[in-house]
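Here's a quick tour of one helix and the strands around it. Have the sequence and the model open as you read.

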Amino acid sequence: MLNFVICDDNLNILDKFSKILDNIFIKYGYDAKIGLKTDNVDELLEYIDENKTDVLILDINLKSNKSGLEIASIVREKNKDTYFIFTTAHLEYDEQAARRRQLRQGVLGRGLQPRPQLAAV
């Protein structure tokens, strides 16, 4: 079973992503679950330390002492197999993510419109 984790400081977006994923899992019969959805970075890092995480959907611009890109670097050190999907309402952060290509596997604007690089996701 694939384990998805979502971290966003906007609770409305967190809920929206969760519902979208749940609907996709059911509609297409994916063997997947949302193991954690949180707006708390400490809770996220603790969960990832204790649980295999296949896909991490992460806001780039969290209201936290760490950005989503910094969190991704921490996670990448511990788990080379985690797939990252970054979200942002600030598309200027897409360039920042592009500079860290080793972490970037997709950026999704908050309007939930896939960017071209997400075609394979």
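## Helix H2 and its buried face

This is a predicted model, and we'll start with helix H2, which spans residues 41-50. Val41, Leu44, Leu45, Tyr47 and Ile48 are its buried residues. Look down the axis of H2 and they fall within an arc of 160 degrees, so they line one face of the helix. Flip to the other side of H2 and you'll find Asp42 and Glu50, both exposed.

What sits over those buried residues? The cover of H2 includes three strands, S1 (2-7), S2 (32-38) and S3 (55-59), along with helix H3 (68-78).

## The start of H2

Asp42 turns up again at the start of the helix. There, Asn40 puts a side-chain oxygen within 2.9 Å of the backbone nitrogen of Asp42.

## Strand S1 and its partners

Now for S1, one of the strands covering H2. How many of the 6 residues in S1 are buried? The count is 5, so to speak of S1 as mostly covered is fair by the definition of buried as under 20% relative accessible area.

S1 runs parallel to S2, and 6 bridges join the two. One of the pairings puts Cys7 with Thr38 in S2. To get from S1 to S2 the chain passes through helix H1 (residues 11-28), and this β-α-β crossover is right-handed.

S1 also pairs with S3, again in the parallel sense, over 4 bridges. Here Val5 stands opposite Leu56 of S3.

Definitions and conventions
Residues numbered from 1 in each chain as written. Predicted model: local features only at pLDDT ≥ 70, side-chain atom pairs only at ≥ 80, totals over all residues. Heavy atoms only, no water. Buried < 20%, exposed > 50% of the residue type's maximum accessible area, 1.4 Å probe, protein only. Arc of directions from axis to C-beta. Contact = heavy atoms within 4.5 Å. Polar contact = N/O pair within 3.5 Å; in protein donor to acceptor, adjacent residues only side chain to side chain. Pairing = 2+ DSSP bridges. Right-handed = clockwise from strand over helix to strand, strands pointing away.
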